[in-house]
Amino acid sequence: MDFSKIEKIHIMEHPLIKHKISLLRDERTGTTEFRNLIEEIAMLEAFEALRDLPLREELVKTPIEETMAPFIDGKKMAIVPILRAGLGMVNGIHALVPSAKVGHIGLYRDPETHEPHEYYCKLPSPIEQRLIVVLDPMLATGGSAVEAVNFIKQHGGKQIKFMCIIAAPEGLEKLATEHPDIDIYVGNLDRCLNENAYIMPGLGDAGDRIFGTK
């Protein structure tokens, strides 16, 4: 699949994002720095992903005069991380849109089949009226992302974006094929999946590296 020809797929080319992802990959990068980098990359990606946020106008009095000024209509936005690694991206987005509501979707991957299984889903209400940004640092097989978007749609969500930091071509193709209506934002497109469904060259297990677990 030629991802460059798909309008809904946005692969980041900003040098700051590329540089910070390279730091993430380094096995010497410790937990605190890794967590900070995840937040920073999420914030940088959000500048592109949130360029179409709805605006409202309010009267503001400057030192010179009164004027109608645009403000982000943050009440219309929901951030939904896929647990647990997606939590690492939340603060980066929340720093830009503090009024956004936060939901959570809990999925785990079967170690044998690599298929996702849901164990938790809590979304802001009314979800159907919100721009929903789904977060997961890694888009590997695409199974978890597809299921997360399925759950959101089943609950009434309509306007959905997906943000990840690195993706494998296999996962990106699966998500784009299963949900061609959503915008997908990718920090870097990696080479492939290995036999254990890990992204190559990847950065290891994002959840373990964010939270300092093994």
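In helix 1, the residues Leu16, Ile17, Lys20, Ile21, Leu23 and Leu24 meet Phe34, Leu37, Ile38, Glu40, Ile41, Leu44 and Glu45 in helix 2, where contact means heavy atoms within 4.5 Å, and helices (H or I, at least four residues) and strands (E, at least two) are DSSP runs numbered from the N terminus. The model is a predicted one, in which local features need pLDDT of at least 70 and side-chain atom pairs count only at pLDDT 80 or more, while totals for chains, interfaces and linings use all residues. Residues are numbered from 1 along each chain as its sequence is written, and side-chain values use heavy atoms, with hydrogens and water left out.

The axes of helix 1 (residues 15-25) and helix 2 (residues 31-49) come within 10 Å and cross at roughly 155°; axes here are lines fitted to C-alpha atoms, for helices over the stretch in contact, and angles run from 0 to 180 degrees between N-to-C directions. Helix 1 and helix 2 are therefore roughly antiparallel to each other, given that angles under 35 degrees count as roughly parallel, over 145 as roughly antiparallel, 65 to 115 as roughly perpendicular and the rest as oblique.

A salt bridge also joins this pair of helices, with the side chains of Glu40 and Lys20 meeting at 2.8 Å, N to O; the term requires a side-chain nitrogen of Lys or Arg within 4 Å of a carboxyl oxygen of Asp or Glu. Glu40 in helix 2 and Lys20 in helix 1 are 20 residues apart, and the pair links distant parts of the chain. Lys20 is buried, with a relative accessible area of 18%, whereas Glu40 is partly exposed at 34%; buried means under 20% relative accessible area, exposed over 50%, and partly exposed in between (1.4 Å probe, protein chains only).

Across the whole structure, a search finds ten salt bridges. One of these brings together the side chains of Asp181 and Lys153 (2.9 Å, N to O). Asp181 lies in the loop between helix 5 (169-178) and strand 11 (183-189) and Lys153 in helix 4 (residues 143-154), so this pair ties together parts that are 28 residues apart in sequence. Both partners are partly exposed, Asp181 at 41% relative accessibility and Lys153 at 30%.

Lys161 forms a salt bridge with Asp183, with 3.9 Å between the closest N and O atoms. The pair links strand 10 (residues 159-167), which holds Lys161, to strand 11, which holds Asp183, across 22 residues. Lys161 and Asp183 are buried, and salt bridges that share partners join them with Lys8 and Asp52 into one network.

Arg209, in helix 6 (residues 206-211), is buried yet has no salt bridge, the nearest side chain of opposite charge being Asp26 at 6.3 Å; for this purpose Lys and Arg count as positive and Asp and Glu as negative, while His and the chain ends are not counted. Leaving aside neighbours within four places in sequence, the contacts of Arg209 include Leu24, Asp26, Phe34 and Leu203.

The backbone also deserves attention. Most residues other than glycine have a negative phi, and most peptide bonds are trans. The peptide bond from Leu83 to Arg84 is cis, with omega near 0°, and Arg84 lies in the loop between strand 4 (77-83) and helix 3 (87-94). A cis peptide bond also joins Met200 and Pro201, with Pro201 in the loop between strand 13 (199-200) and helix 6. Ala197 has a positive phi, near 65°, and is buried, with a relative accessible area of 7%.
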